[in-house]
Amino acid sequence: MPLTGWAQTTVEGTVTDAEDGSPLPGVNVTVQNTQIGTLTDPDGTFTINVPADRNTLVFSFVGFQRTTVTLEEGQTSVEVSLEPDVVGLDEVVVTGLASSIARENLANSVETISSDDLAGRTNSQTLDGALSGKVAGAEISSYSGAPGGGMSVKLRGVSTINGNSQPLYIIDGVVVNNSAIPSNVNAVTQAAAGGSRSNQDNPVNRIADLNPQDIESIEILKGPSAAAIYGGRAANGVVIINTKSGASDATRVDFSQTLGATTIRKKLGTRQFTAETAEAAFGSEGRTLFLEAQNEGRFIDYEDELFGNTGLLSTTSLSISGGNEDTRFFLSGLLQNDDGIVERTGYDKRSVRLNLDHDLSDRIQLSGTVNYVNANTRRGLTGNDNSGTTFGVALTATPNFIDIRPDEDGNYPDHPFNASNPLQTRDLFTNQEVVNRTITSAQVEYTAFNTEQQSLRIIGQAGADFFSLESEALFPETLQFERTSPEPGTSILGETTSINTNVRLLGVHSYTLSDSDVTFTTQAGVTGVRIDQMTSNFVARGLIPGQQNLDQATSLSPSQVREVQNDRSFFAQEEVNIANQVIATVGVRGDRSTLNGDVDRFYLYPKASAALNIHNFAFWSADAVNQFKLRAAFGQTGNIAGFGTKFTSFEAVSVGGVAGTLINPQRGSADVEPERQTEIEAGIDLGLWDNRANLALTVYRKEITDQLLQREVPASTGFRLETFNGGTLLNRGVEATLALVPVERDRFSWNSRTSFWANDAEVTSLPVPAFRALGGGFGATLGEIRIEEGQSPTQIVGIDDRNGDGTSDGVFQLGDVAPDFQMSFTNDFTFYENLTLSVLAHWKKGGDNLNLSELLFDLSQTSPDFDEDSNNSGVPDGAERVGNVGVSAAQFVQDASYFRIREIGLFYDLPTGLLDRTFNGSLRSVRIGASARNWFTITPYKSYDPEVNNFGTQPVSNGVEVTPFPQSKELFFHLRVGL
């Protein structure tokens, strides 16, 4: 960078790692309270010009504690050793679209996840899965155990009732698509009314495409006070992902190979029949089949037949990074092949990434990224089903005394008690999707000037996220349930193309007042985002035997939806830093979108925050307390209405073979506006005993107004429903994190992090009658999640027999999906600097599920505990539960609390001296280890896993279970080599 000034002193020096003495390249060296700065070279050296009236240098580097050095008069050289930053006070956190700040001065609660947190302990198929249990204030849960993931991410409670509920994901400045696109197998399972497309067919959310091992860090802006700078699409928080880049250092090659196995986490078991109970459940045919099985000594565990596969897991990754002072590069590749616990299910991924950074001159820096991903997902056929065709529903009707296995010629017998033979379906049908995706970005940064007092940077960014998704579901005419169809043989083909493009032009000006410690940082800019997604789906029935092409069918049902969105925004932000004692920020963003009723109106989203570092004031004298910060923040964000809400659409119809159109019964609303969230948060940060203990406590109040609701309209209008803005939703919560270094010795060290978070939500205003949430169950008879004024938006209501007379007394609140609180416990132990044991535990207290899997087992009388009598009533438990159907839904509402060891890893780093002697210095590092994921869980929940949801990533609804793909546990062995 160009430096100017008078009567300067040239200072040279070297920066090293305090732990091993190795040089640190890329360390930021600045003259305190000026804009003068430089970076250390590959050998850790630097040269900087220091004005005569300044004598303090500041050294900062990611992962290390910030260090200040006061120069003596006439001193021209300095040697600095940086200590590791265990608690992360000196890490740099984003505060705007083009500026950042040291965590010590941050006024918001922002969660930072490092690359080691993501992939250093064990493997995860997907990014969102790798975040589970690591983010205070987040409810991150898996809604399916199927390969390829399937995660619901909610930050700080319920942010919307009918709108989009997932965070905004930004990768290297690119706004990426995280859609969960249904494949439409509901056309066969009939899980949705009329077989229409819905979210009940186990779709994958597309953030699964990203390779977690490419990520350098993730910053999670959990509430509007932090996310306001991202405006009308940030209501559910923002996840900012920065991928790895090269350093001005010798070329490094890192190779890793992980091999593992996956098995079902928990089996429910199977009912052990007698001739009498077989007859009671399945009639005379059941008795006959039972006696045949008994005579042959043949009782089959069909749960094991379906879910007992031991899947092989393999992940191979290679990265090459390095560069010189002008050019840095990072190149990586990934091969991932994961089998599922159901045969013929799995998840395969191929990924390649190139990140480049180049200093064209002292004033111009260029950077670019490109990431290509090819993924193939085979998720089986599970979940809700009204046709008896999914694995789980078929299993509920499959007693252990029938034999539906194929004979030696591969012929499958018909299931005597169900519409499908699940083993036949598993082996002969196809349900897969293939994704090809490219995410690319480019940035140019121009330093217009950089003097002792001020600097100006102009930044231009552009990026694109393109993917094509092709789904194929093929049900051949030989399947049992297809043979009974009027048009046997079904092929469902889907294709989605999506491209998100975004551009930004930003300016950042920093100004330090003369002879003072006051710095102003001003940033402003404009952004544009365009989203264009088109989905086509075709259901072909009556296929010619052996064919799957659409034109080989007797009937064809097409559907097509194209969604186009254009957003334009501006923003401005001003930050003042007074001697690192008082830090205040104000800002505003204006957004307009083609999804709003008024496409030309800019909706404004302001923000303000302040931090008070009391420990930096001259009067502070408590040596044991090295950080004492008070902070407060305010912000607003929006949630844009879904595509199609503002206009009335047409639907295709065929009458007597003549094509036509009908008006959709939902009337468009030209006045629809974004939902608006307003949040106030306050907190305190404490650092004790030279940061060996660090406490962060945050409380918040988040109010969502102008909710996107639906209401009935008079029938005389010709419509049934319309969307409008109304109602208020309130969230209050607390988040606390305690990071400790209890022991730090040469032979043993222990780092610990404990987080606690809780959220309480209430619908404070609702201008429409109470209603069942979208995806909130199947009615009060079985229990449903109901939106009602004055109640939690995640309450479960249902019929109940309160007076014990054997009949329902009405509808009552029976539980709540939201947990009382959550806690996570991360502990890292290092022995003799080479052996590391890391454990992540997660405790969710409270929160209920609607266990409708048990209902289906009970109705078929195959529940493993059907014959037990736990309450000594003289009536078997299964029969008693069946007798309560239609009387009470309370039996389906079950406690879904759990304590889970999410991740555990044991790794050994071969000593450097041994590597040097054995390989003559050609190997930089070798790490071997073993790890496990979801290996141990304690829960009172009576089904496969307490993390489940039949309706995927619905805004409010979680915890509705209908015969899901069971969760698995995984064991890995690792080899990592650095050259």
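Me: In this predicted model, is Glu 104 buried or exposed?
Reply: The relative accessibility of Glu 104 comes out at 11%. The cut-off for buried is under 20%. Because 11% falls below that, Glu 104 counts as buried.

Me: How far apart are the C-alpha atoms of Glu 104 and Asp 685?
Reply: Start with where Glu 104 sits: in the loop between strand E9 (100-102) and strand E10 (110-114). Asp 685 is 581 residues away from Glu 104 along the chain. In space, though, the C-alpha atoms of the two are separated by 8.8 Å.

Me: OK, let's zoom out. How many helices and strands does the protein have?
Reply: There are two kinds of element to tally here. The helix count is 12. Add the strands and the full answer is 12 helices and 50 strands.

Me: Why is the protein said to be as compact as a globular protein of that length?
Reply: The globule rule gives 30 Å for 979 residues. The computed radius of gyration is close to that, so the protein is as compact as a globular protein of that length, with a radius of gyration of 30 Å.

Me: And what does the C-alpha trace span along its principal axes?
Reply: Here we go from one radius to three axes. The C-alpha trace of the protein spans about 105 × 75 × 60 Å.

Me: What percentage of the residues in the protein are buried?
Reply: The count runs over the 979 residues of the protein. To be buried, a residue needs a relative accessible area under 20%. The share that makes it is 54%.

Me: What about the outside: how much of the area that the protein exposes do carbon and sulfur atoms supply?
Reply: In total the protein exposes about 38,700 Å². Of that area, carbon and sulfur atoms supply 54%.

Me: Among contacts between residues at least 6 apart in sequence, what percentage join residues at least 24 apart?
Reply: Take the contacts in the protein between residues at least 6 apart in sequence as the pool. The part of that pool joining residues at least 24 apart is 69%.

Me: How far apart are the mean positions of the positive and negative charges?
Reply: The protein carries 70 positive and 120 negative charges. Average the positions of each set, and the two mean positions are apart by 2 Å.

Me: Let's talk rings. Are Phe 307 and Tyr 944 stacked or edge-to-face?
Reply: The structure holds 21 aromatic pairs, and Phe 307 with Tyr 944 is one of them, with ring centres 5.9 Å apart. The planes of the two rings stand at 85 degrees. An angle over 60 settles the label, so this pair is edge-to-face.

Me: How many residues apart are Phe 307 and Tyr 944?
Reply: Phe 307 is in helix H6 (residues 302-307), while Tyr 944 is in the loop between strand E48 (925-938) and strand E49 (960-961). Both residues are buried. The pair links distant parts of the chain, with a separation of 637 residues.

Me: Which residues do ring pairs link into a cluster?
Reply: This one is built from Phe residues. The cluster joined by ring pairs consists of Phe 273, Phe 282, Phe 290, Phe 299, Phe 401 and Phe 417.

Me: Back to E48: which residues does Asn 934 touch, not counting residues up to four places away in sequence?
Reply: Asn 934 lies in strand E48. With a relative accessible area of 11%, Asn 934 is buried. Its contacts further off in sequence are Arg 265, Arg 900, Ile 901, Arg 902, Ser 968 and Lys 969.

Me: What is the phi of Asn 872?
Reply: Asn 872 is in the loop between helix H10 (852-860) and helix H11 (877-884). With a relative accessible area of 68%, Asn 872 is exposed. Although Asn 872 is not a glycine, its phi is positive, at about 55 degrees.

Me: Is Asn 920 buried or exposed?
Reply: Asn 920 lies in the loop between helix H12 (912-919) and E48, and has a positive phi of about 55 degrees. Its relative accessibility is 72%. The cut-off is over 50%, so Asn 920 counts as exposed.

Me: How far apart in space are Thr 316 and Leu 334, C-alpha to C-alpha?
Reply: Thr 316 lies in strand E18 (residues 311-323) and is partly exposed at 22% relative accessibility. Leu 334 is among its contacts, along with Phe 255 and Gly 333. Thr 316 and Leu 334 are 18 residues apart in sequence, and the distance in space is 5.8 Å.

Notes: Residues numbered from 1 in each chain as written. Predicted model: local features only at pLDDT ≥ 70, side-chain atom pairs only at ≥ 80, totals over all residues. Heavy atoms only, no water. Helix = DSSP H or I, 4+ residues; strand = E, 2+ residues; numbered from the N terminus. Rg over C-alpha atoms; globule rule 2.2 N^0.38 Å. Buried < 20%, exposed > 50% of the residue type's maximum accessible area, 1.4 Å probe, protein only. Contact = heavy atoms within 4.5 Å. Areas by Shrake-Rupley, 256 points an atom, 1.4 Å probe, with all protein chains shown as cover. Lys, Arg positive; Asp, Glu negative; His and termini not counted. Charge placed at Lys NZ, Arg CZ, Asp CG, Glu CD. Phe/Tyr/Trp six-rings, centres within 6.5 Å; stacked < 30°, edge-to-face > 60°.
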